[in-house]
Amino acid sequence: MFNCKNCGEKIERKDGKRAETLIIICPKCHSVVEASSCYGFGPVWPACIYCGDRLLAEIERSGPPKNPVLELKILGRPAPLPISEQLRKDNYKRHFDICEIVIRMLRERMLI
C-alpha cells in the first residue's frame with residue numbers, strides 16, 4: 001500500500017508484476033508517489049511505471065552489456081524510446097533519467 005504525500009490518496013498495487021525499478025504516480029494529483037530501484041543491489045530493468053494500480057509503461061533491456069537494447073511498451077504496445085546514445089549506453093546508472101523521459105511522454109499523451 002502506498003500513500004500519496006501530496007493529496008493523501010491510497011494506492012494498492014495489485015498485479016504483482018516484477019519490477020526492478022518501480023515508479024507509481026498518483027491517479028488523483030499525478031505526483032510521483034514511489035520511485036524505487038534495486039540499483040546497487042541487482043538489476044534495474046525491467047522498469048514499470050504505474051498510474052495508481054494501472055500499468056502504463058514498461059521498459060525492458062536486452063542484448064549484450066556493451067550494446068544494450070531498450071524496449072518500451074506503453075499500455076502493452078511497443079513504442080519508440082527517444083533517448084540519446086549516451087543514455088542508451090549508460091542505462092544502468094541513468095535509469096531514472098530514462099524513466100523521467102517516459103513519464104514526460106505519458107503526460108504529453110495525456111495518460112497521466
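**Aromatic pairing and nonpolar cores**

Tyr39 is partly exposed in this predicted model, its relative accessible area being 38%. A relative accessible area of 37% likewise places Tyr92 in the partly exposed class, because that class covers values from 20% to 50%.

The count of aromatic pairs comes to one. This pair is formed by Tyr39 and Tyr92, with 5.2 Å from centre to centre and 45° between the planes. The arrangement is tilted, because planes under 30 degrees apart would count as stacked and those over 60 as edge-to-face. Tyr39 is located in the loop between β4 (32–37) and β5 (47–51), and Tyr92 in the loop between α1 (85–89) and α2 (95–108). The pair therefore ties together parts that are 53 residues apart in sequence.

In soluble globular proteins, nonpolar side chains tend to be buried together. The largest nonpolar core in the model has 25 residues. Within this core, the residues with the most contacts are Ile49, Ile59, Leu72, Leu81, Ile98, Val102 and Leu106. Two or more residues are given to the core by each of β3 (21–25), β5, β6 (54–62), β7 (69–74) and α2. Helix α2 supplies the largest share, seven residues. Another core, of eight residues, lies apart from the largest one; among its members are Cys4, Leu22, Cys26 and Cys48.

The surroundings of Leu72 were also examined. When residues up to four places away in sequence are not counted, Leu72 touches Ala57, Glu58, Ile59, Arg77, Pro78, Ala79, Pro80, Leu81, Val102 and Met105. Ile59, Leu81 and Val102, which Leu72 touches, are also among the residues with the most contacts inside the largest core.

Methods. Residues are numbered from 1 along each chain as its sequence is written. This is a predicted model: local features need pLDDT of at least 70, side-chain atom pairs count only at pLDDT 80 or more; totals for chains, interfaces and linings use all residues. Side-chain values use heavy atoms; hydrogens and water are left out. Rings of Phe, Tyr and Trp (its six-membered ring) pair if their centres lie within 6.5 Å; planes under 30 degrees apart count as stacked, over 60 as edge-to-face and the rest as tilted. Helices (H or I, at least four residues) and strands (E, at least two) are DSSP runs, numbered from the N terminus. Buried means under 20% relative accessible area, exposed over 50%, partly exposed in between (1.4 Å probe, protein chains only). A nonpolar core is a set of buried Ala, Val, Leu, Ile, Met, Phe, Trp, Tyr and Cys residues joined through side-chain atoms within 4.5 Å. Contact means heavy atoms within 4.5 Å.
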